[in-house]
Protein chains: 2
Amino acid sequence: MPADAPPASETITAAVLVIGDEILSGRTKDKNIGWIADHCTAIGIQLREVRIVPDIEDEIIVAVNALRARHTYVFTTGGIGPTHDDITADSIAKAFGVGIDLDQRALDLLIPYYEASGREITPGRLRMARIPFGAELIENKVSVAPGFMLGNVVTMAGVPSIMQAMLEAVTPRLETGKRMLSVAIDLNHPEGSIADTFGAHQKLYPDVAMGSYPSQRDGKPVTQLVLRSTDQVRLDEAEAGLRAKLADVGYL
Amino acid sequence: MPADAPPASETITAAVLVIGDEILSGRTKDKNIGWIADHCTAIGIQLREVRIVPDIEDEIIVAVNALRARHTYVFTTGGIGPTHDDITADSIAKAFGVGIDLDQRALDLLIPYYEASGREITPGRLRMARIPFGAELIENKVSVAPGFMLGNVVTMAGVPSIMQAMLEAVTPRLETGKRMLSVAIDLNHPEGSIADTFGAHQKLYPDVAMGSYPSQRDGKPVTQLVLRSTDQVRLDEAEAGLRAKLADVGYL
């Protein structure tokens, strides 16, 4: 665990910081937030906040510093490639107030890879070996150029396949907490019909988060009620009680 | 234009605030950010920032107040339904320091709709007529319950079809600026190969934003270079110059 990460506790929280003009312009549709959210839920990290910022150094620095102070981990995506608009590594270094330079460990990965593939070792490609001082590298089994972890900030590529490989590579190094458990109840009714019953039940179980998600099926309004808790016993109790109440009013 | 919106200028900026535990848990994959981004780009509003926060009043208030101070408009999605976890309208009212109550205009829409569809008018359903004082309603042609605009904050539903209908309904009321124009150049080469040429070209046109987006096609690395500006003449110049340089080095 990084030295300056928050102290261990039962609840491990995270934020995602997506860096990239292309997401904000609409040109690229983000696929990383949902993937990271699923991954965090699966391993017992609670994703609490997401921000998307443009390729502007000051914006990245402010967001990184706000998020790393509030959460156990910050996962950043995007901006670690070879071109001039890839400014994430330098911005993270500035956010932490540390230096950045070509990293011998990264060069030892990249140079043999470029030599073997016959690609020229350009200044642009060498940019991908710039790693903030004190960071640990994160393996990239897709295209070699590594991500890195500095303090509690995990910096990954924006290309989804590479981001996923990096997140899987770094996961064994992450502290995880109790897994958030959930149960869903599907109803063939609009959510307005059950809102009062559901709200009253939430008051009985303030420790079990209850959400209602409306959608349409075959043109008719349907609702999924989701109950979430890290405590299986409380979750089971809350579910059984809710099912009984819904049956009472004829909705189950 | 709302009274407390920033003064008119050529550059109109916006932020999106997505409100919902279900996005952060991974249960629901957001489809609104990309749609709003495309819409903003099309109408001449520059989306500059996105945040996703949980269904927690204090988090919503802090985010709304941070974003509305920085941008011409804030678009919120989610949390305006009939159930207890729908706390957006109350949170927006608190963020602005105004009251909130059942709104006669909203009741005049909702009550006839429920009566005609044979649905009971429950306390939950009436929650959807709670509108902050001073807000203008936004039409919902999908399911009637309205969104609203208070100051420079546009509050919409989370269900994508309803959000889209609301955003289209409110668009004629929004001030828009110069449209961001863009041009893309596709290359059958990895971005590392053109990084230096591209970076040098960006320095010549600091007013034209240039981004490089790598991906794979048929297992081979390809790159799309995107140039963006509100000035067609400068964009054309920058594109022509870049195409000439790429041709010189054999990449076009």
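**View 1. Chain A of this predicted model, with the centres of its two domains 38 Å apart.** That separation between domain 1 and domain 2 of chain A is taken over C-alpha atoms. Domain 1 of chain A covers 13-173, and domain 2 covers 181-248. As for confidence, the mean pLDDT of chain A is 94, with 96% of its residues at 70 or more. The exception to keep an eye on here is residues 1-8 of chain A, where the pLDDT is below 50. Beyond near neighbours in sequence, that stretch has eleven contacts in the model. Where pLDDT is low, the predicted coordinates should not be read in detail. For the model, the scores are ipTM 0.93 and pTM 0.94.

**View 2. The two chains, related as by a two-fold rotation axis.** How do you lay chain B on chain A? Turn chain B by 180° and shift it 0.0 Å along the axis, and it lands on chain A with an RMSD of 0.0 Å. The two copies are thus related as by a two-fold rotation axis. In chain B, the C-alpha nearest that axis belongs to R51(B), at 2.2 Å from it. Now for the interface: 98% of the interface residues of chain B are also interface residues in chain A, so the copies meet through the same surface.

**View 3. Strand β2 of chain A, paired both inside its own chain and across to chain B.** Is β2(A), residues 46-53, enclosed or left open? Eight of its eight residues are buried, so β2(A) is largely enclosed by the rest of the structure. Within chain A, seven bridges join β2(A) to strand β1 (residues 13-19), and these two strands run parallel. To find your way along that pairing, look for A15(A), whose bridge partner in β2(A) is E49(A). Across the chains, β2(A) is joined by three bridges to strand β2 of chain B (residues 46-53), this time running antiparallel. Here a handy marker is V50(A), with I52(B) as its bridge partner in β2(B).

**View 4. An open three-stranded sheet in chain A, ordered β9-β11-β10.** The pairing in this sheet is antiparallel. At its edges stand β9 (181-187) and β10 (209-217) of chain A, each with a single partner strand, so one side of each has no neighbour in the sheet. From one strand to the next, the twist averages 20°. Nine bridges join β10(A) to β11(A), residues 220-229, and the two run antiparallel. One pair to pick out is Q216(A) with its bridge partner in β11(A), P221(A). Two helices also pack on the sheet. Helix α8 of chain A (residues 191-204) touches β9, β10 and β11 of chain A, and its direction makes about 170° with that of β10(A). Helix α9 of chain A (residues 232-248) touches β9 and β11 of chain A, and its direction makes about 10° with that of β9(A).

**View 5. A closer look at P214(B), in strand β10 of chain B.** Strand β10(B) takes in residues 209-217. Is P214(B) buried or exposed? P214(B) has 21 C-beta neighbours inside 10 Å, so it counts as buried. Which residues does P214(B) touch, leaving out those up to four places away in sequence? From chain A there are G81(A) and V159(A), and from chain B there are P190(B), E191(B), P221(B) and T223(B). D231(B) is 17 residues from P214(B) in sequence, and their C-alpha atoms are 26 Å apart in space.

How values were computed
Residues numbered from 1 in each chain as written. Chains lettered and ligands numbered in written order. Predicted model: local features only at pLDDT ≥ 70, side-chain atom pairs only at ≥ 80, totals over all residues. Buried ≥ 20, exposed ≤ 12 C-beta atoms within 10 Å, placed from the backbone. Helix = DSSP H or I, 4+ residues; strand = E, 2+ residues; numbered from the N terminus. Pairing = 2+ DSSP bridges. Domains from an automatic or database assignment. Least-squares fit on C-alpha atoms with pLDDT ≥ 70 in both. Contact = placed C-beta atoms within 7 Å. Axes fitted to C-alpha atoms, helices over the stretch in contact; angles between N-to-C directions. pLDDT = per-residue confidence, 0-100.
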